[in-house]
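Biologist: Could you take me on a close look at the ligand site in this model? I'd like to know what surrounds the ligand and where those residues come from.

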Amino acid sequence: MNQAASAKQRFASDLHLALSQRPRSVAPKYFYDEIGSQLFEQICELPEYYPTRTELALLRAHGAEMAACMGPHAQLVEYGAGALRKVRHLIAHLDEPHAFVPVDISGAHLLSACAELQQAYPALAIKPVVADFTQPHDLPPRPARGRRVGFFPGSSIGNFSPAETQAFFQMTAQELRGGGLLIGIDLIKDPAVLHAAYNDAAGVTAAFNLNLLARARRELGAEFDPAGFEHSAFYNAPQQRIEMHLLSLREQRFRLDGVDYEFAAGETLHTENSHKYSIAGFQAQAARAGFRAGPVWTDARGWFSLLWLEAPA
Ligand code: AVJ
């Protein structure tokens with residue numbers, strides 16, 4: 001089976017699983033087909049969506065200090081590398097980097113982003129790894145002189161469940177042992193600010209969420225009335241997370257591969273969790289895997305942080 005066909009099969013079987021359980025939920029990775037990735041790019045530009053521009057401003061202002069934490073001859077591993085826009089603010093300040101190792105599941109995008117980065121840094125050794133970084137994967141050998149350090153921006157970790165977060169810390173504690181990790185997190189804040197960021201006036205986040213259903217129609221031939229579902233995003237305060245759901249507006253049927261799934265009015269398909277953290281709470285989670293808290297960079301409003309964590313020896 002070719003790659004596209006097997007990816008489609010996994011989407012289909014995961015969607016069958018999602019629709020068979022109660023409450024119904026599906027992994028947010030299924031947002032990101034070509035259209036979904038474009039919609040996410042648009043989200044990053046929205047006036048209400050502060051994380052991207054806040055993190056970029058921190059990288060612009062403090063990239064040199066962050067690079068100094070990484071030290072000379074570092075091998076810099078980026079987890080879930082996208083357009084490689086953010087990491088430039090570190091690379092620009094690294095002292096004789098050994099290599100840059102972006103790890104991403106989307107091979108074609110990764111390679112074109114690497115080609116662009118190479119133009120800007122002709123002398124930099126770029127060693128892309130096409131892999132799902134949450135699964136066992138190989139990296140190029142450790143540098144002889146410098147440390148192996150990680151970069152995980154965007155508060156992408158916010159999508160992980162507490163168990164997945166712990167698994168990520170356990171994995172990186174091993175992979176980056178003797179080095180460290182620079183990680184971006186979205187902070188707990190006024191729920192009104194959070195609500196606006198996930199319910200933008202232009203409706204881009206709604207389109208992003210609904211694209212998951214549109215994708216099921218396009219790719220899998222799912223049969224249902226798209227007008228029967230609406231975007232729902234709200235802050236779950238006890239769990240400290242934004243939840244996104246696709247909300248069924250009435251009793252209706254969703255047919256996939258000849259299997260009928262019934263939705264009651266008000267029933268939802270849970271599509272995403274986006275966890276928000278306190279700095280101390282997040283450092284405590286990392287400490288359970290042996291990471292020691294280092295410098296923290298936060299914007300003046302206290303909305304977003306980049307944290308340096310020293311990996312265990
Ligand atoms: C890419 C997971 C960081 O949680 O804010 C944006 C995804 N979802 N708007 C986030 C997202 C809705 C984003 N992350």
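**Around the ligand**

Modeller: Happy to! In this predicted model, the shell around the ligand takes at least three residues from domain 1 (3-31 + 191-275) and at least three from domain 2 (50-189 + 276-310). In total, 13 residues surround the ligand, and the closest are Tyr-49, Gly-154, Tyr-198, Glu-272 and Ser-274. Sorted by class, the shell holds seven nonpolar, five polar and one charged residues.

Now for the side chains that make polar contacts. Tyr-49 has a side-chain N or O atom 2.5 Å from an oxygen atom of the ligand. Tyr-198 also places a polar side-chain atom 2.5 Å from a ligand oxygen atom. With Glu-272, the partner is a nitrogen atom of the ligand, and a polar atom of the Glu-272 side chain lies 2.7 Å from that nitrogen. As for cover, the ligand taken alone exposes 350 Å², and the protein buries 95% of that area. The elements that contribute two or more residues to the shell are α2 (34-45), α8 (204-220) and β11 (268-275).

You may also want to know how confident the prediction is. The protein chain has a mean pLDDT of 97, with 100% of its residues at 70 or more. Among the chain's elements, helix α1 (residues 3-20) has the lowest mean pLDDT, 92, while strand β13 (residues 304-310) has the highest, 99.

Definitions and conventions
Residues are numbered from 1 along each chain as its sequence is written. This is a predicted model: local features need pLDDT of at least 70, side-chain atom pairs count only at pLDDT 80 or more; totals for chains, interfaces and linings use all residues. Side-chain values use heavy atoms; hydrogens and water are left out. pLDDT is the predictor's confidence in each residue, from 0 to 100. Helices (H or I, at least four residues) and strands (E, at least two) are DSSP runs, numbered from the N terminus. A residue is near a molecule or strand if one of its heavy atoms lies within 4 Å of it. A polar contact is a pair of N or O atoms within 3.5 Å; within protein, one must be able to donate a hydrogen and the other to accept it, and residues adjacent in sequence count only if both atoms are side-chain atoms. Accessible areas come from the Shrake-Rupley method with a 1.4 Å probe; for residues, only the protein chains shown count as cover. Ala, Val, Leu, Ile, Met, Phe, Trp, Tyr, Cys and Pro count as nonpolar, Asp, Glu, Lys and Arg as charged, and the others, Gly among them, as polar. Domain bounds come from an automatic or database domain assignment.
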